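This briefing concerns the surroundings of a bound ligand and one further site in the protein. Please consult the sequence and the structure shown below.

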Amino acid sequence: MASRDPLDGARVVLGVTGSIAAYKAVMLASALHQAGAIVEVILTREAAELVRPLSFQAITHRPVHQEMFSLLAETEIGHVTLGHQADVVVVAPATAHTLARLALGLGDDLLATTVLATRAPLVIAPAMETNMLLHPATQGHLRTLRERGAVIVEPEAGHLASGARGVGRLAEPAVILDTVRVVLARRGDLAGWRVVVTAGGTQEPIDPVRVLANRSSGKMGFAVAQAARDRGAQVTLIVGATSVAPPHGVRVIEAPTARTMCEAVLRTIAEADALVMAAAVADYEAAAPAAQKIKKREERLVLELVPTPDILGTVAAQRAAGALPERLLVVGFAAESADLLTHAREKLRRKRLDLIVANDIMAAGSGFGTDTNQVVLLDRSGAERALPLLPKLDVAHALWDHVLALRQQEVRAR
Ligand code: CTP
């Protein structure tokens, strides 16, 4: 399957300015290149004092741009072509001085003229000493740039080059990378969609120490969220217990139990175009969780369990009652160890789903904790599509392709 990463094939101008964090831009350039982007690096004079052009050249396999009026490039009006060709311009790290230049619209070097001449979106990752960052002048420039549409990747708090601790550290390259993906995805086929995705397992308390849990890692739900993000959707990710970190660039709501997850889903779907329930929700919770740690006293311990709310069941009832927007498309998962399709068809009907993703957790490379999954997509019209064993991200894209096809059917039927 072809890469669906918005960075793949994108022309990215990476402007590197004279912050001590300039060396981190080498890692950023490398990550952009590895994701398939065509990376044009512009180094300011100060940045070239801190990090050598050759480092970038070796990584991006392209010449590094430094001069506004390079004799070679100027035959093609070099000081504006980079801006014209760019799909996105990223300034990382951005110093206080460069923020001021960009806010004022100065054209005093190649980076400044490129930013002036481009119509591409601008992503800026500032990095500087805390007082410089918090100075009203810098804050004013950031505000101006934001108002003009630039996306600012907030600097982090932590250890600074000065030896002090404070805010001003360049955001992690992974965060900058995902921000660039979100910006590029504005052209994606899910642009304008608001989607809610649940991921991970729930943990139902037995006492203050123990929980009833399951083996869900969260990887499948995170892939669904990431794929939607990379196609331009605004994603709310409702997360239970997981063993991996959620993707950047999505709104995360923590919901450790079936009940809290149910509340979070009902609260967020009123505005949504799609709900994907990839979470492994506990079907039972302790009837009366103990307030204190249960001591090992008895020969036998009997735990009384009662059903949790069925989230998709509740959503189905609300839909039937007309309490939810008609445009909401609802996708469930069926993780089964036997009679996969029979169970999946029954759940599709019982939970009034538009689509169900059936996966056989006993198959090799499929199910909990793996990076791959083998699934069958079954929709409300009776269509069933078996996919081969695929990375979870590819399964997620196939899910969204199917959701979009269902939406198109609805539009045609009107
Ligand atoms: N689900 C839910 N609320 C629950 C349990 C499950 O919304 N309390 C959702 C899951 O997120 C999944 C779908 O329902 O998308 C199917 O989950 P599954 O556990 O397979 O279905 P159950 O109805 O619980 O059936 P069973 O456990 O008997 O297989």
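The points that follow treat the ligand site and then the aspartate D109.

The model is predicted. In it, the ligand occupies the space of the largest pocket, with 15 residues around it. The protein covers 78% of the 570 Å² of accessible area that the ligand has on its own.

**Shell around the ligand**

- Among the 15 residues around the ligand, those that come nearest are M277, A279, D283, K347 and K351.
- Classified by type, the shell consists of eight nonpolar, five charged and two polar residues.
- Three elements each give two or more residues to this shell: the helices α12 (311–320) and α13 (340–350), and the strand β16 (329–336).

**Polar contacts of the ligand**

- The side chain of D283 places an N or O atom 2.8 Å from an oxygen atom of the ligand; D283 is also one of the residues that come nearest to the ligand.
- A polar backbone atom of L312 is 2.9 Å from a ligand oxygen atom.
- For F333, a backbone N or O atom lies 2.8 Å from an oxygen atom of the ligand.

**The site of D109**

- D109 is located in the loop between α5 (96–104) and α6 (110–117).
- D109 counts as buried because its relative accessibility is 17%, and buried means under 20%.
- The side chains of D109 and R101 make a polar contact at 3.0 Å.

How values were computed:
Residues numbered from 1 in each chain as written. Predicted model: local features only at pLDDT ≥ 70, side-chain atom pairs only at ≥ 80, totals over all residues. Heavy atoms only, no water. Near = heavy atom within 4 Å. Polar contact = N/O pair within 3.5 Å; in protein donor to acceptor, adjacent residues only side chain to side chain. Areas by Shrake-Rupley, 256 points an atom, 1.4 Å probe, with all protein chains shown as cover. 1 Å grid on protein atoms, 1.4 Å probe; cavity = no way out; pocket = protein on both sides within 12 Å on 5 of 7 lines; lining within 4 Å. Sits in = over half its atoms within 2 Å of the grid points. Helix = DSSP H or I, 4+ residues; strand = E, 2+ residues; numbered from the N terminus. Nonpolar A, V, L, I, M, F, W, Y, C, P; charged D, E, K, R; others polar. Buried < 20%, exposed > 50% of the residue type's maximum accessible area, 1.4 Å probe, protein only.
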